[in-house]
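Welcome! Below are a few exercises with worked solutions; have a look at the structure before you start.

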Amino acid sequence: MCKRQSVISREKTTSDDGLPVGEDRWRAVLEEKSARAVARARRADRVAGFTFKVAAAACLVVLAFIVGMILARGLGTAVKPSFLLGKPRVMGEGGGIGPMVFSSLYLTLVTTLILTPLGVGAGLYLAEYSRGKRLVGLLRWASESLSSISSVVFGIFGMVFFVIYLRLGYSILAGALTLALMNLPTVMRVTEEAVRAVPASYREASLSLGASRWETTKRVVFPAALPGIITGVILTMGRVMGESAALVYTVGVIVRKPPFSPLQPGAPMAAHIWYLYTEGGIVPDWMRIASGEAAALLVLVLLMNLFARVIASKIRKKMGIIG
Amino acid sequence: MATSDEGLLGARGGLRVARTAEERRDGDPSPVPDKKMELVGLSLSYGEKKILDDINMAVPDRSITAVIGPSGCGKSSLLRCLNRMNELVDGARVEGKVYLDGEDVYAPDYDVVSLRRKVGMVFQKPNPFPKSVYENVAYGPRLYGVKDRKLLDRIVEESLRRAALWDEVKDKLDSSALSLSGGQQQRLCIARVLAVQPEVILLDEPCSALDPISTQRIEDLLQELKESYTIVIVTHNMQQAARVSDYTAFITVEEQGGPGRLMEFGETREVFTNPKEKKTEDYITGRFG
Amino acid sequence: MISVVALFLMVFFLIRESLPAWKESGVANVFTSEWNPDRGRYGILIFLVGTLSVSVGALFIGTPLAIATAVYLHAYAGPSWKRVIGRGIEVLAGIPSIILGWLGFTTLVPLFRRVAGGTGMGILPSSVVLAVMIIPTVASIARDSLDAVPDTYAEASLSMGATRWQTLRRVVIPAAWPGIAMAVILGLGRALGETMAVAMVIGPATAFPRDLLTPTHTLTTKIMMEMGESTGVHRSSLFAMALILLFLSMLLIWLVRWLSNRATRDMSKGSYFC
């Protein structure tokens, strides 16, 4: 047992490596060197830790700056009902953004109505039913590619396909279809993740009780995944609301009356800000209007974010009580 | 500091082991000859939850001390108190003292880096770095400022030899450590610890993820290593504790969810053949836990 | 299924619409630097250069900050900071690009104008705005990949007396690098495709930028600004640009897939057989 150890040590005594013989041959070396190395490592650790902290803080500062600036410059304008609900003026000061707010909300609603069943269905399919490896690979590749494509590319595709080819014209519907396509990958992914997060034991328990595959999905898996899905959908709604590049050439940038039919052109707030920027000179107070609109839009988007979180925790709590 | 011969004598022959209650009452909490480490009134809590309560025991030099107990009794946490790895957990709080060679390692000015160099750790699941075999062993010496390639080569070779792994990996020092078998990986982790020349090696259920043959090899290795190192091994396998250790500490919880307490500590043979506590007897005969 | 169809439809329509441009001026001429619809010249090199330079600039500014934030969240932050900063990054990700563009236009541009003179528009403000946009993407993916490195590696390193930074630099970050590279590539993808935020601060001008503060154009901004008033080959050239953008982002996705396959292969090579 201990023979082997001594054999090694003896072998080593003959070598001229300058290290002492025995079990702790290089302990002295380590102890000698470590003092400096450890001190240096400590210093580096402190510097690194500080740097990382500063970087993280910088991100928060940037966020605070963005939100603070936008609100400081625009909130004063945005909170007035005459601005939020009023009609835009063709010329002259004092126009409102009522139709734009309406367009944004309406567009978000229509998009969600189209997007949710498609995205959730596809996500469920991917997570629960997909067996054929090649098909799934193709689907994933397609949705990853879709999610990476620039929104302006979606915009002009929507223009040639929905607006011109399908003859929808500039309309809420054309925009909603474009946005649905654009956000499909997100909703699919969110659904898939939520479904995969459902413990396998739920599924097995249901299947072992004799429930069919579809029944299991419907009654067990889907409800358990619902909080995640709903959160994802609401977050996507926030993104839809802030989208502009895809809408300029599908929905429109300026309207005077709220578009009640989905086939009418609209002017979502984000696209309208773009319009003000490019055609700004038309009304003298365009900077004020754009700032106010930006603030209103930001508040809406942040509210969506908050709402998503509140809903998620509410549902989770409720489910916790039932389960 | 005692020599290894005394330590061995104490461990093997049990000559100097204080095993009677009278001797323990004399103020020395631990029936061991040469204390490499000593735990005095050690308690550990995570936030509100108390994990360990008032542990008093000693770790004898150059021998193997096994820590056994039912799962969840805090035996792994106890091990982690010995090299202050518990500090990495948010909200962990340690009370009491842990001495290494008579110095309190929780003293504010105690250098945790040198503590961890002296007290190395091997984990439950083999966790070599996703680097080459060579780089795994050279990791520690590099941390401590060894840059000389020749010296590193020698350290790597000798550490691998001591871990009884050299012959198996000498031709693939540059291949990924993750390509080794589980047993080899665990011995590589031991070599990695040996490379920084520790004095104490802590092993946290090192064989629980290994097959019987690999386990056998690790156990043989431990027998060799205890000639030079002080070893503490946490195990849930009582046969293993009986086979490899010289001393055994039995830790258990008295009520569900309560903190772990040291039930019994002594020479392994005594603990297993003639336990003083009813609970110990129940546990080692398999009546509970 | 729809996404597959949609993708093919998109490629099909973009090709169809851009066909006149490829035919008219020839593939070689598309990649020249002269853009002059009046004279029938449709070289897009300026915009390609613009896109690449603002994106690289954004990476330059945003990536270090994002990765440092990811590392902080992974290794240094206490639970409450983790939550606060994590939420903050999510919120940042949700801010519409038009708002960032507007803010850039109303704050950054005047600032640069005052400091450096000129219009204050160009590559630098675009890069800054884009950097803000890619930080959430890069930071959250990089953080996920750091978190995916088994804790046991870090434990082993720390138990040998390594500092946190040594552990990160020698073990955790090398183990997470495919994921971090992926994060940067996806950030680049986001920067390449971003339109509105850039459009409001880039100028615009159809000329190569002489320095970081002269107006220029990117592929996306050119498409955005001229699609409304273009016809014929001009319009078709814009579609050609969109097609190039689409292929660029698909190329990046392909890169990401390759990386992630590599990463999983590396991991599975070390599967534990016990």
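**Exercise 1. Work out how the contacts and burial of chain C are distributed.**

Step 1. Take the contacts in chain C with a separation of 6 or more: residues 24 or more positions apart account for 73% of them. Two residues are in contact if their C-beta atoms, placed from the backbone, lie within 7 Å.

Step 2. Turn to burial: of the 274 residues of chain C, 55% count as buried. A residue is buried if 20 or more other C-beta atoms, placed from the backbone, lie within 10 Å of its own, exposed if 12 or fewer, and partly exposed in between.

Step 3. List the elements: chain C has 10 helices and two strands, in the order α-β-β-α-α-α-α-α-α-α-α-α. Helices (H or I, at least four residues) and strands (E, at least two) are DSSP runs, numbered from the N terminus.

A note before going on: this is a predicted model, in which local features need pLDDT of at least 70 and side-chain atom pairs count only at pLDDT 80 or more, while totals for chains, interfaces and linings use all residues. Residues are numbered from 1 along each chain as its sequence is written, and chains are lettered from A and ligands numbered from 1 in the order in which they are written.

**Exercise 2. Describe the contact between chain A and chain C.**

Step 1. Count the residues: 60 come from chain A and 58 from chain C.

Step 2. Find the main contributor on the chain A side: helix 2 of chain A gives the most, with 20 residues.

Step 3. Sort the chain A side by class: 43 residues are nonpolar, 11 polar and six charged. Here Ala, Val, Leu, Ile, Met, Phe, Trp, Tyr, Cys and Pro count as nonpolar, Asp, Glu, Lys and Arg as charged, and the others, Gly among them, as polar.

**Exercise 3. Place strand 8 of chain B among its neighbours.**

Step 1. Check its cover: five of the five residues in strand 8 (residues 230-234) of chain B are buried. B:Thr230, B:Val232 and B:Val234 point one way, and B:Ile231 and B:Ile233 the other. In a regular strand the side chains alternate between the two faces of the sheet.

Step 2. Find the partners (two strands pair if DSSP finds at least two bridges between them). Strand 3 (residues 64-68) of chain B pairs with strand 8 of chain B in the parallel sense over four bridges, and B:Val67 has B:Val234 as its bridge partner. Strand 7 (residues 200-204) of chain B also runs parallel to strand 8 of chain B, joined by five bridges.
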